[in-house]
Amino acid sequence: MNFIYINQNILDNLFYILVSILIYYILLDHGKRLSQYGKTLITACMSIPIILCMKFPIYIDEYCVHDLRQIPFIIGTLYGGWPVGAALLVIILTFRFAFYGFNLLTLTVYIVIFIITALFSSKFKNFNRKNKLSSSILLILFLGILTSFISIVMSDYFRITEAYVFYFIILPPFIIVLALYIIEILKDAIIIRTQMVRLEKMEVVSQLAASISHEVRNPLTVVKGFVQLLKAPDLTQEVREQYIQHVVRELNSAESIISEYLAFAKPALEKVENILINREIGYVIEMIKPLANMNLVTISNQLAPGITRGNIQHFKQCFLNLIKNGIEAMPNGGELNIVSYVNNLDIIIEISDNGVGMNKEQINRFGEPYYSSKEKGTGLGSMVAVKTIQTMNGTLHLTSALNKGTTISITLPVYQEDHSAK
């Protein structure tokens, strides 16, 4: 009788091993409680492919049946040490004898594999990825040759054929390298993700600190301008008091900014109120005029009445940032023009300067944190402005040409009290 042996189960064996590895790392990554029982988890996950490999073996020839149970057994012992290896050894022998009956050769072979792998595991854990892969190849080749020699000595019926050499000596090193490489990549992915979460937290702290310093600098710059104006000897008492009021108002603004950023850790509901566009932008222009005068910049405006909804403090900070950017874009002086008008249900605000302008990359990256066209800029002012406009359900469009100037067009929704009341 001619036998035809089809070794389709070799792919099944490989599938059981790889899926069990993936399941182990999924459980380890997402099950915080399970991560405390790492050795128990790896024992359970490696025992499943051991049992399935024995249940669906590879038929080598008429007299020899083989499977890949030694791969998860070796992997579990290498990563879990002798306790995991001992547990897997008991599982292997129990199910092997249950399926096929007791065999002294099987008992001897797997005890030898366990002892050698367990002794090697302590050094294996300290290796880098390259050394782990190379040492695992040498280990499994050595075990394959050693156990084959033991089998020849202990059994009169054992024969080494070409099929046996391929499936038992040549194939396992390739499979264990593949399995270990996947394991190391998954381990690195979990470690990198943990580090990224930690770095993101640090990044938030860094951005918060940089943003506070940036936002507080604006009112302090205004205060500096008014203090310099107060040195003028020919000031009237009325003008002097107005300047002092501006100084006090800006110091209060700085205090408010700090309070808001400190509240970032425990965010509260943001205060939303009606914003009179012409009044608030006019106030910002008055605040920024000292800085404009220092930079030989003339500010002209044509502001139409209009009402939108949002946080007034954030709104003023947003336009303070944008107007300040326009002033700083004209280091040799120039004209900054601010226009607002109502178009159907939108309020359009345009801020135009005739400064240095921006190239395409700068336009595309406008609003990104830590990206700025200014030498000492952080990009946080633009980021805060863009975020504020988005929060108010508005849009920002920017057009610019190098050495010709920049125009920022902001569109905000009109707030109609009559429709809201309904």
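**Note on the predicted model: confidence, open sheet and surface patch**

1. Over residues 1-6 the pLDDT (the predictor's confidence in each residue, from 0 to 100) stays under 50, and the model has four contacts for them beyond four places in sequence, a contact being heavy atoms within 4.5 Å. Residues 263-269 also have pLDDT below 50, with two contacts in the model beyond near neighbours in sequence. The chain as a whole has a mean pLDDT of 81, and 83% of its residues reach 70 or more.

2. This is a predicted model, in which local features need pLDDT of at least 70 and side-chain atom pairs count only at pLDDT 80 or more, while totals for chains, interfaces and linings use all residues. Residues are numbered from 1 along each chain as its sequence is written, and side-chain values use heavy atoms, with hydrogens and water left out.

3. Five strands form an open sheet of mixed pairing in the order β4-β6-β7-β9-β8. Helices (H or I, at least four residues) and strands (E, at least two) are DSSP runs numbered from the N terminus; two strands pair if DSSP finds at least two bridges between them. The edges are β4 (297-303) and β8 (395-401); each has a single partner strand, so one side of each lacks a neighbour in the sheet. From one strand to the next, the twist averages 10°.

4. β6 (334-343) and β7 (346-353) run antiparallel and are joined by eight bridges, with V339 opposite E350 in β7. Two residues separate these strands in a hairpin, where N344 in the turn has a positive phi of about 55°. Eight bridges also join β7 to β9, again antiparallel; I349 has I410 in β9 as its bridge partner.

5. At the β8 edge, β8 pairs with β9 (residues 405-413) in the antiparallel sense over seven bridges. Here A401 stands opposite G405, and T399 has T407 as its bridge partner. The hairpin of β8 and β9 has three residues between the strands, and N403 takes a positive phi near 65°.

6. Helix α8 (residues 277-294) packs on the sheet, touching β4, β6, β7 and β9, and its direction makes about 175° with that of β4. Helix α9 (residues 312-328) lies across β4, β6, β7, β8 and β9 and runs at about 30° to β7. Axes are lines fitted to C-alpha atoms, for helices over the stretch in contact, and angles run from 0 to 180 degrees between N-to-C directions.

7. Away from the sheet description, a nonpolar surface patch of about 560 Å² is made by F102, L104, F149, V153 and M154. Helix α5 (residues 129-154) gives the most to this patch, with three residues, whereas L104 is found in helix α4 (residues 104-124). Patch residues have over 30% relative accessible area and no salt bridge, with like charges joined within 9 Å and nonpolar side chains (Val, Leu, Ile, Met, Phe, Trp, Tyr) within 5 Å. Accessible areas come from the Shrake-Rupley method with a 1.4 Å probe, and for residues only the protein chains shown count as cover. A salt bridge is a side-chain nitrogen of Lys or Arg within 4 Å of a carboxyl oxygen of Asp or Glu.
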